[in-house]
Amino acid sequence: MKRAPLALVTSLGLTLASSSAFGQVCARGRSWVPRAVPLTLGPADFGLTPTPCAAAYVGADVRAQALIDEPDFYGALGAELVVNGQYPVHRRVWISAAVTALRFRYAQNATLVASDLGLGASDVGVHVGILSGEKFWLSAYGRALLPTSMNQQYATVTGFEPGVSALWMAHPRVALLGGLSVPITTTWIGSRAQVLVEVRAAVDVSVRVASWFDPTVGLEVRFANAPWGPFELLAPRVSLRFLPGRGVSLHLSAIAPIAGEERSDIRFSLGGGYTW
């Protein structure tokens, strides 16, 4: 059963790749292709809004997270290095992958202190272009969460995330980006499985202030079938992206839940990538 998410991702790509022949290239005739805020609260890129554009990309992020719960005398800090990328395999089909190459976690309560270091979660995805026009692009995707994390000693975590992402160029300097997905995470403890189903939606607005700078602000909301309540989080997010040229991009991003059951205070990332 643990291989089912990966099989579903592969099946989605092979089924949809055989129809239609238009390209899903957003950069044709444009010098600026905006991206959604490249940060979420899931492992690796699981739950991250992907681009609806087919382009080759490779990047790396250093991500950090903090949780401080003063009433319960509990705190946790985490940091990780995530390497990700995507590559077109068809005029309108591309694959993606993200690997948490290194993850550090530190936790402390009133009596105990613990830390660990190791390989984190990974995911792979297949993306299929549905609509492509002069100002609007829409794609569907399936993403599988792979059990590569070394931080769970007695459990194995897998997952599957179907979703859609869209880009609308409302103005030559203003873009609206959106994502809707259903991340499904299964935690295996022996032969028992606990399934968490989330419904996630995100909307971002990106503005091209200058040829080398495009800030993006957005909002993410999640609901889940969790025992602690259905309202997972409401989180504003922001990304400052710098474009020095020749396909190179750098970004500083942050997300901070302000409502819901999610206990993390803030998460931020510093990274860069190359598109060709």
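A disulfide is a pair of cysteine sulfur atoms within 2.5 Å. In this predicted model, cysteine 26 and cysteine 53 fit that description, with their sulfur atoms 2.0 Å apart. The chain around them has 276 residues, and 45% of those count as buried. Its secondary structure comes to one helix and 14 strands. Here's a quick tour, topic by topic.

**The chain as a whole**

- Take the contacts in the chain with a separation of 6 or more: 58% of them are between residues 24 or more positions apart.
- The one helix and the 14 strands give us handy landmarks, so to speak, for the stops below, starting with α1 (4-17) and β1 (57-69).

**The disulfide**

- How many disulfides does the structure hold? There's just one, and cysteine 26 and cysteine 53 are the two residues that form it.
- The link between cysteine 26 and cysteine 53 is left-handed, with -95 degrees about the S-S bond.
- Both cysteines sit in the loop between α1 and β1, so the pair ties together parts that are 27 residues apart in sequence.
- Are the two ends of this link buried or exposed? Cysteine 26 has a relative accessible area of 3%, so it is buried. Cysteine 53 comes in at 4%, so it counts as buried too. The cut-off behind both calls is that buried means under 20% relative accessible area.

**Glutamate 161, a charged residue on the inside**

- You'll find glutamate 161 in strand β7, which runs over residues 156-171.
- With a relative accessible area of 0%, glutamate 161 is buried.
- What does the side chain of glutamate 161 reach? One partner is the backbone nitrogen of glycine 47, at 2.9 Å.
- Another partner is the side chain of tyrosine 141, where glutamate 161 makes a polar contact at 3.0 Å.
- Setting aside neighbours within four places in sequence, glutamate 161 is in contact with Phe46, Gly47, Tyr141, Gly142, Arg143, Ser181, Val182 and Pro183. Both polar partners turn up in that list: Gly47 and Tyr141.

**The cavity**

- How many cavities of 30 Å³ or more does a search of the whole structure find? The search finds one.
- The space in this largest cavity is about 420 Å³.
- Its lining is made up of 30 residues, and the ones nearest the centre are Arg35, Pro38, Leu48, Tyr57 and Asn84.
- Which strands each supply at least two residues of that lining? They are β1, β2 (74-90), β3 (93-108), β5 (122-132), β11 (213-224), β12 (231-245), β13 (248-255) and β14 (266-275).
- Sorted by class, the lining has nine nonpolar, 14 polar and seven charged residues.

**Two residues with a positive phi**

- Alanine 44 isn't a glycine, yet its phi is positive, near 50 degrees.
- Alanine 44 belongs to the loop between α1 and β1, and cysteine 26 and cysteine 53 lie in the loop between α1 and β1 as well.
- At a relative accessible area of 1%, alanine 44 is buried.
- Arginine 246 isn't a glycine either, and its phi is also positive, at about 55 degrees.
- Where does arginine 246 lie? Look in the loop between β12 and β13.
- Arginine 246 is exposed, with a relative accessible area of 81%, whereas alanine 44 is buried.

**Around β11**

- Glycine 218 has its place in strand β11, which is also one of the strands that supply at least two residues of the cavity lining.
- The relative accessibility of glycine 218 is 16%, so it counts as buried; the limit for that is under 20%.
- Glycine 218 and proline 236 are 18 residues apart in sequence, and their C-alpha atoms are 5.8 Å apart in space.
- Leaving out neighbours within four places in sequence, glycine 218 is in contact with Val203, Asp204, Ala235, Pro236 and Arg237.
- Now follow the chain to the loop between β11 and β12, where proline 227 sits.
- Is proline 227 buried or exposed? Its relative accessible area is 71%, so proline 227 is exposed.
- The C-alpha atom of proline 227 is separated by 9.6 Å from that of leucine 196, a residue 31 places away along the chain.

Note on methods:
Residues numbered from 1 in each chain as written. Predicted model: local features only at pLDDT ≥ 70, side-chain atom pairs only at ≥ 80, totals over all residues. Heavy atoms only, no water. Helix = DSSP H or I, 4+ residues; strand = E, 2+ residues; numbered from the N terminus. Buried < 20%, exposed > 50% of the residue type's maximum accessible area, 1.4 Å probe, protein only. Polar contact = N/O pair within 3.5 Å; in protein donor to acceptor, adjacent residues only side chain to side chain. Contact = heavy atoms within 4.5 Å. 1 Å grid on protein atoms, 1.4 Å probe; cavity = no way out; pocket = protein on both sides within 12 Å on 5 of 7 lines; lining within 4 Å. Points joined across faces, edges and corners; volume = space filled by probe spheres on them. Nonpolar A, V, L, I, M, F, W, Y, C, P; charged D, E, K, R; others polar.
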